[in-house]
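The following paragraphs lead the reader through a predicted model. They begin with the helices and proceed to the surface.

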Amino acid sequence: TMNCEIDDMENQVEQEEKTRLINQVLELQHTLEDLSARVDAVKEENLKLKSENQVLGQYIENLMSASSVFQTTDAKSKRK
């Protein structure tokens with residue numbers, strides 16, 4: 001009968017819509033996972049760079065304190 005066919009069509013449309021929504025949700029979950037992984041990678045890289053920066057800063061300080069040019073200006077400023 002006509003009513004049965006209409007019900008079947010409505011059910012099919014409903015199923016297709018559900019399937020579409022489920023696929024969208026799954027896609028969004030994957031995107032979120034990818035973004036989270038990228039954020040973690042950037043955080044890790046940032047920590048590495050901060051650490052390297054500290055090492056370089058210390059190295060420059062050591063060079064400056066070992067250099068007579070910087071020592072003489074230090075000595076002059078201490079005399080004031």
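Helices are taken here as DSSP runs of H or I with at least four residues, numbered from the N terminus. On this basis, Glu5 belongs to helix H1. Together with Asp7, Asp8, Glu10 and Glu14, Glu5 forms a surface patch of negative charge.

An unreviewed UniProt entry lists residues 18-52 as "coiled-coil region". In the model this span is 100% helix and 0% strand, and 51 Å separates its end C-alpha atoms.

Two salt bridges are found in the whole structure. One joins the side chains of Arg20 and Glu17, with an N to O distance of 3.0 Å. Because these partners are three residues apart in helix H1, about one helical turn separates Arg20 from Glu17. Arg20 is partly exposed, at a relative accessible area of 43%, and Glu17 is likewise partly exposed, at 38%. A salt bridge also links the side chains of Glu45 and Lys48, at 3.7 Å from N to O. Glu45 and Lys48 are again both in helix H1, three residues and about one turn of the helix apart. Glu45 has a relative accessible area of 38% and is partly exposed.

Which residues make the nonpolar surface patch? Tyr59, Ile60, Leu63, Met64, Val69 and Phe70 form this patch of about 580 Å². Helix H1 (2-66) and helix H2 (68-79) each give two or more residues to the patch, and H1 supplies the largest share, four residues. Val69 lies in helix H2. Its relative accessibility is 57%, so Val69 counts as exposed, a class that requires over 50%.

Definitions and conventions: Residues are numbered from 1 along each chain as its sequence is written. This is a predicted model: local features need pLDDT of at least 70, side-chain atom pairs count only at pLDDT 80 or more; totals for chains, interfaces and linings use all residues. Side-chain values use heavy atoms; hydrogens and water are left out. UniProt positions are given in the numbering used here, feature names are shortened, and annotations may be inferred rather than shown by experiment. Patches are made of residues with over 30% relative accessible area and no salt bridge: like charges are joined within 9 Å, nonpolar side chains (Val, Leu, Ile, Met, Phe, Trp, Tyr) within 5 Å. Accessible areas come from the Shrake-Rupley method with a 1.4 Å probe; for residues, only the protein chains shown count as cover. A salt bridge is a side-chain nitrogen of Lys or Arg within 4 Å of a carboxyl oxygen of Asp or Glu. Buried means under 20% relative accessible area, exposed over 50%, partly exposed in between (1.4 Å probe, protein chains only). Lys and Arg count as positive and Asp and Glu as negative; His and the chain ends are not counted. The place of a charge is taken as NZ of Lys, CZ of Arg, CG of Asp or CD of Glu.
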